[in-house]
Amino acid sequence: MVNKYAWSTPDERLLPVFRQFGPIIEVGCGANAYWSRWMNKEGNVDVVALDMSLNDGGLINTTYKKSGNDEAKSGSENTTGNLVIKQGSPATLSEDEEIRNSDRTLFLCYPDEEDNQMLENSNKDDDEELQPPLSMAASCLEHYTGEYVIHVGELYGDTLSLEQAPFGRSSSSEFQLRLAGEYHCILKLKLNNNWLHVRDTLSVWKRTETCCMAFEKEDGEEEDDSDDDMYFKYIPPEETIPVDVAAPCCAHLLNPPSTNSADKKEKSSIKDEKIGSTKSTKEKKKKMNDAVAGNAW
């Protein structure tokens, strides 16, 4: 199924997201470019899709043969309307002037699945520290200069895989750490077509602005400007995701019964009013019954 379609499959609830944040640049679209073709065909979204290998990118088994109904690709670029599928890599995001200046939203779907992250220059001396190369997703953030990132897959702490916990099956830890450090999440949707063993979501991230807070020194402290200024993320209230969430088994704890004495008095007063109102209604009915003789109540 992955070879024929994609690592994760979309549903119609997601189309408004791509329309809202289009145009799109997808890196690692795979041999099928399934998501890019889907959002372009179903939502008429302007998409440029890149992959280093347009023939076998994203496939589990590279010997997989497409059926005769599958659209064949040839050459290094395929353009249909406002869908462009071309050979490219994360570096294309900064090296291609047209793409760099197009202000496209970066889209990544399972960018690092099956990414072994082999060490570069493994023939170095033993004494020389070996550094792992950037994962594909992390490399995208290195070259991307736009404002929004859309990620499809599992995220930190939201995975069922024991081997790939806690960051999940879809993207590397270095990517997720940088994403959370330089961006903030403004939307997260569970995919309706998840496989049983995954918890894929579509999340939208916006590049975060920073603000500087200057702290006034107390008497007797030495003047040192480097200690006075601290930088923090600035996330506008309208872009802040609610913090209070709960699983169904704990949903009742989001609004626990109040133990405040003032609240108790208010509730007691309301209860007394209801009791008084009930008594008044019963008295009126009794008078009415007495007035209408022989009425079967």
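1. Which side chains meet in a salt bridge at 2.4 Å, N to O? In this predicted model, the partners are D158 and R199. The pair links distant parts of the chain, since D158 sits in the loop between β6 (148–153) and α6 (173–182), while R199 belongs to the loop between β7 (183–190) and β8 (201–207), 41 residues apart. The two ends differ in their surroundings: D158 counts as buried at 15% relative accessibility, whereas R199, with a relative accessible area of 42%, is partly exposed.

2. The structure holds nine salt bridges, and another of them joins E239 to K206, with 2.6 Å between the closest N and O atoms. Here E239 lies in the loop between β10 (229–234) and α8 (261–291) and K206 in strand β8, so the pair ties together parts that are 33 residues apart in sequence. Both of these residues, E239 and K206, are buried.

3. The side chains of D11 and R13 also meet in a salt bridge, at 3.5 Å from N to O. D11 counts as buried, its relative accessibility being 9%, while R13, at 36%, counts as partly exposed. Elsewhere, salt bridges form a network that links E142, R178 and E182.

4. Turning to the aromatic side chains, the count comes to nine aromatic pairs. One of them is formed by W7 and Y110, which are stacked, with 5.9 Å from centre to centre and 10° between the planes. Because W7 lies in the segment before α1 (15–21) and Y110 in the loop between β5 (105–109) and α5 (136–143), this pair ties together parts of the chain that are 103 residues apart in sequence. W7 is buried, with a relative accessible area of 13%, and Y110 likewise counts as buried, at 4% relative accessibility.

5. A further aromatic pair consists of F18 and W38, whose ring centres are 6.2 Å apart and whose planes stand at 85°, so the pair is edge-to-face. It links distant parts of the chain, with F18 in helix α1 and W38 in helix α2 (residues 34–43), 20 residues apart. F18 and W38 are both buried. These two residues also belong to one aromatic cluster, which F18 and W38 form together with W35 and F107.

6. The strands deserve a separate point. Eight of them make up an open sheet with mixed pairing, in the order β3-β4-β2-β1-β5-β6-β8-β7. Its edge strands are β3 (77–80) and β7, each of which pairs on one side only. On average, neighbouring strands of this sheet are turned by 15° against each other, direction ignored.

7. Within this sheet, strand β2 (residues 47–51) and strand β4 (residues 83–87) run parallel and are joined by five bridges. For L50, the bridge partner in β4 is K86. Helix α6 packs on the sheet, where α6 touches β5, β6, β7 and β8, and the direction of α6 makes about 115° with that of β7.

8. Read together, the points on the sheet and on the salt bridges share several elements. Strand β8, which α6 touches, holds K206, one end of the salt bridge with E239. The loop between β6 and α6 holds D158, and the loop between β7 and β8 holds R199, so that salt bridge joins loops beside elements that appear in the list of α6 contacts, among them β6, β7 and β8.

Conventions:
Residues are numbered from 1 along each chain as its sequence is written. This is a predicted model: local features need pLDDT of at least 70, side-chain atom pairs count only at pLDDT 80 or more; totals for chains, interfaces and linings use all residues. Side-chain values use heavy atoms; hydrogens and water are left out. Rings of Phe, Tyr and Trp (its six-membered ring) pair if their centres lie within 6.5 Å; planes under 30 degrees apart count as stacked, over 60 as edge-to-face and the rest as tilted. Helices (H or I, at least four residues) and strands (E, at least two) are DSSP runs, numbered from the N terminus. Buried means under 20% relative accessible area, exposed over 50%, partly exposed in between (1.4 Å probe, protein chains only). A salt bridge is a side-chain nitrogen of Lys or Arg within 4 Å of a carboxyl oxygen of Asp or Glu. Two strands pair if DSSP finds at least two bridges between them. Axes are lines fitted to C-alpha atoms, for helices over the stretch in contact, and angles run from 0 to 180 degrees between N-to-C directions. Contact means heavy atoms within 4.5 Å.
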